[in-house]
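Reader: I am new to this structure and would like a close look at a single part of it. Please take one helix, and then show me what surrounds it.

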Amino acid sequence: MTIAVDLDNTLADTNAEMRRLFPGAERLERFVAHWAPVTREWWAGAGLDVLERARPLPGAVAGVQTLARHDRLIYLTSRPVQAGEVSRRWLRAHGFPEAPIVFAASARKKAEYARLLGVEFAIDDDPAAAKAYRRAGIAVLLPRQPYNARDPLALRWEEIPGRVPAFRQQRALEVALER
């Protein structure tokens, strides 16, 4: 099975770095990473340092390592393509498994690319991305964040790997029935 995993606020606690950089941003309920003074161009320049300094979310490294033992991974992110080397370095430095990184400009594009790449399961914190994945027929879990905590599929990283085997079995059954 192929699993797409987002980076920012799914694996990396990018919002914590943004709150440190922009005092007062902690009052924002939604994505600090999309806050007004921060543009896509900023992320491709000065923002690269934020991406590099972010710490992994609790349980993310172990969770992704567990998933990689059984499934093919793709890191699917809305980061700008200029963040490619920083992203690879960050993943390696924190012990995440090697996997391709695919860059998409939006939540909708993530779902489109995932479908084209044969992704069957996604892990992404963004409610808009989760909705786009669901519309594309791709199952999704969300690492719990304050802005997605009401979604019944928002879980702590420690819980996510335990939910995937049931989906894997369901998927195998569906494939067998299609034959």
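**Helix α5 and its surroundings**

Author: In helix α5 (residues 84-93), the buried residues are Gly84, Val86, Ser87, Trp90 and Leu91. Viewed down the axis of α5, these buried residues fall within an arc of 165°, so they line one face of the helix. They pack against α3 (48-53), β2 (72-77) and β3 (101-103). After α5 comes Gly95, which has a positive phi, near 85°.

This is a predicted model. The protein chain has an average pLDDT of 87, and 89% of the residues score at least 70. Over residues 28-33, pLDDT stays under 50, and the model has 16 contacts beyond four places in sequence for this stretch. Where pLDDT is low, the predicted coordinates should not be read in detail.

Two of the packing partners of α5, β2 and β3, belong to an open sheet. Six strands form this sheet in the order β3-β2-β1-β4-β5-β6, and the pairing is parallel. β3 and β6 stand at the edges with a single partner strand each, so one side of each has no neighbour in the sheet. Strands of a sheet pair through backbone hydrogen bonds, either parallel or antiparallel.

The pairs can be followed across the sheet. β1 and β2 pair in the parallel sense over four bridges, and Thr2 has Arg72 in β2 as its bridge partner. Strand β4 (residues 121-123) pairs with β5 in the parallel sense over three bridges; Ala122 stands opposite Val140 in β5. β4, helix α7 (residues 127-135) and β5 together make a right-handed β-α-β unit. β5 also pairs with strand β6 (residues 154-155), in the parallel sense and over two bridges. There, Pro143 has Leu155 in β6 as its bridge partner.

Why is strand β5 (residues 139-143) described as largely enclosed by the rest of the structure? Four of its five residues are buried, so the description follows. The cut-off for buried is under 20% relative accessible area.

α5 also has a part in the largest nonpolar core. This core has 26 residues, and those with the most contacts inside it are Leu11, Tyr75, Phe96 and Trp157. The elements that give two or more residues to this core are β1 (2-5), α4 (60-70), β2, α5, β3, β4 and α8 (160-178). α4 supplies the largest share of this core, four residues. Apart from this core lies another, of 18 residues, among them Ile74, Val119, Ala122 and Ala132.

Trp157 can be looked at on its own. Leaving aside neighbours within four places in sequence, Trp157 is in contact with residues including Leu11, Ala60, Gly63, Val64, Leu67, Ile123 and Pro143. Leu11 is also one of the residues with the most contacts inside the largest core. Pro143 is the residue whose bridge partner in β6 is Leu155.

One last residue is Thr14, found in helix α1 (residues 14-21). Its relative accessible area is 0%, so Thr14 counts as buried. Not counting residues up to four places away in sequence, Thr14 touches Asp8, Asn9, Trp43, Val50, Leu51, Ala54 and Arg79.

To return to the helix: the buried residues of α5 line one face, and they pack against α3, β2 and β3.

Technical notes: Residues are numbered from 1 along each chain as its sequence is written. This is a predicted model: local features need pLDDT of at least 70, side-chain atom pairs count only at pLDDT 80 or more; totals for chains, interfaces and linings use all residues. Side-chain values use heavy atoms; hydrogens and water are left out. Buried means under 20% relative accessible area, exposed over 50%, partly exposed in between (1.4 Å probe, protein chains only). Contact means heavy atoms within 4.5 Å. Two strands pair if DSSP finds at least two bridges between them. A crossover is right-handed if, with the strands pointing away from the viewer, the path from the first strand over the helix to the second runs clockwise. The arc is that of the directions from the helix axis to the C-beta atoms. A nonpolar core is a set of buried Ala, Val, Leu, Ile, Met, Phe, Trp, Tyr and Cys residues joined through side-chain atoms within 4.5 Å. pLDDT is the predictor's confidence in each residue, from 0 to 100.
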